[in-house]
Amino acid sequence: MQAGGRKVATVFGGSGFIGRYVVKRLAERGHVVRAAVRDPEAALFLKPMGVPGQIVPVGVSVTDDAGVAAVVSGAEVVVNLVGILHETRTATFKAIQGEAPGRIGRAAAAAGARAVVHLSAIGADPASPSAYARSKAEGEEAVRAAFPGATILRPSIVFGPEDGFFNRFAALAQFLPALPLYGGGETRFQPVHVGDVADAVMAALDRPEAAGRTYELGGPRVYRFRELLAYILEVTGRRRLLLPLPWSVGRLQARLFELLPNPPLTRDQLLLLQRDNVVAPGALTLAELGIRPKALEAIVPGYLARFRRRGTSRVAAA
């Protein structure tokens, strides 16, 4: 479990939005970190987060038994952050989110790892109409079957400088006259800061009582979708129409978007949007991990400043 006197940690998805924060924290703790990624060249930006030789990007597919076993060999802790928002011909929900967690769990068990942390999502449900949510539930079951002590973390939407939610809608507001509110924009979310999610990973690795438990991660406040879009317009100083659209229109638009290589919306994502994405009553939360969640109002304006219309300060959206 040692590499040059240091403990080894393997992080699948280490170069992703959440992964880079987890890698940095592990490096600060003194771990040698193997960042298991699809493209190691694209993950070289991680290396300055540690001392020379401490962070090692390794190219591996989570669908490859031998590759996963090799990158986990000798690891004291294993973290799986891999996920996809839409399917492609070579990456399906079942393969990446349903089956791969079990493969990682089996490799971790065989390697004698002390702890496994698996990132799932609020809404993971084997009975969900969404293939994404069903695959997340399948992945939870698979990793627990392979490594019963695995800790599962289920965040709501995650915000931070590299996020795909606040940045995406702020970018769209630069040129679209209106932003869509599918189903009226009444779906509820509980955005959680990326740093809090990374801290939850570290707390799960540190706390023996976290083994085998599931935690739902949400921020200090619940918002409706329409409130989040209105807030984005406010902090970027833009006046745009928030346009309620029926789900049927959304499905038609999503069908067309799915013809694109990287669709901004899919029919499966619309199914997810029809259910609230908030921490369930009675769930274990960030509080049980000793973390006080940060408010988005303290952080989001800083990284959305680049989208602000010139000559404006924060103004209320019309």
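Let me start with what helix H2 packs against: its buried residues, where buried means under 20% relative accessible area, exposed over 50% and partly exposed in between, with a 1.4 Å probe and protein chains only, make contact with strand S2 (6–12), strand S3 (32–37), strand S4 (55–59), strand S5 (77–80) and helix H3 (93–111). Contact here means heavy atoms within 4.5 Å, and the helices (H or I, at least four residues) and strands (E, at least two) are DSSP runs numbered from the N terminus.

I should say at once that this is a predicted model, in which local features need pLDDT of at least 70 and side-chain atom pairs count only at pLDDT 80 or more, while totals for chains, interfaces and linings use all residues. Residues are numbered from 1 along each chain as its sequence is written, and side-chain values use heavy atoms, with hydrogens and water left out.

Staying with H2, which covers residues 65–72, the buried residues are Gly 67, Val 68, Val 71 and Val 72. They lie on the same side of H2, because they cover an arc of only 125° around the axis, the arc being that of the directions from the helix axis to the C-beta atoms. On the face turned away from that buried side, H2 carries the exposed residues Ala 66 and Ala 70. After H2 comes Gly 74, which has a positive phi, near 80°.

H2 also takes part in a charged pair, and here a salt bridge is a side-chain nitrogen of Lys or Arg within 4 Å of a carboxyl oxygen of Asp or Glu. Asp 65 forms such a bridge with Arg 103, with the closest N and O atoms 2.6 Å apart. Since Asp 65 lies in helix H2 and Arg 103 in helix H3, the pair ties together parts that are 38 residues apart in sequence. The two partners are not equally covered: Asp 65 counts as partly exposed at 49% relative accessibility, whereas Arg 103, at 13%, counts as buried.

How many salt bridges are there by this rule? The count comes to 18. One of them joins the side chains of Glu 186 and Arg 224, at 3.5 Å from N to O. This pair links distant parts of the chain, with Glu 186 in the loop between strand S9 (178–182) and strand S10 (188–189) and Arg 224 in strand S13 (residues 223–224), 38 residues apart. Glu 186 is partly exposed, at 37% relative accessibility, and Arg 224 is partly exposed too, at 34%. The side chains of Arg 207 and Glu 209 also meet in a salt bridge, at 3.5 Å from N to O; Arg 207 counts as partly exposed at 30% relative accessibility, and Glu 209 as partly exposed at 37%. Finally, Lys 7, Glu 76 and Arg 114 are linked in a network of salt bridges.

Two single positions next. Gly 59, in strand S4, is partly exposed, with a relative accessible area of 43%. Gly 59 and Arg 38 are 21 residues apart in sequence, yet their C-alpha atoms are 5.2 Å apart. Leaving aside neighbours within four places in sequence, Gly 59 is in contact with Val 37 and Pro 40.

Leu 153, in strand S7 (residues 151–155), is buried, with a relative accessible area of 0%. Not counting residues up to four places away in sequence, Leu 153 touches a list of residues including Val 117, Leu 119, Val 201, Tyr 215, Leu 217 and Leu 289. Between Leu 153 and Arg 213, which are 60 residues apart in sequence, the C-alpha distance is 8.6 Å.

Let me close with the chain as a whole. Its secondary structure comes to 10 helices and 14 strands. The radius of gyration is 20 Å, close to the 20 Å that the globule rule gives for 318 residues, so the chain is as compact as a globular protein of that length; this radius is taken over C-alpha atoms, and the rule is 2.2 Å times the number of residues to the power 0.38. Buried residues make up 50% of the 318 residues, and of the contacts with a separation of 6 or more, 78% are between residues 24 or more positions apart.
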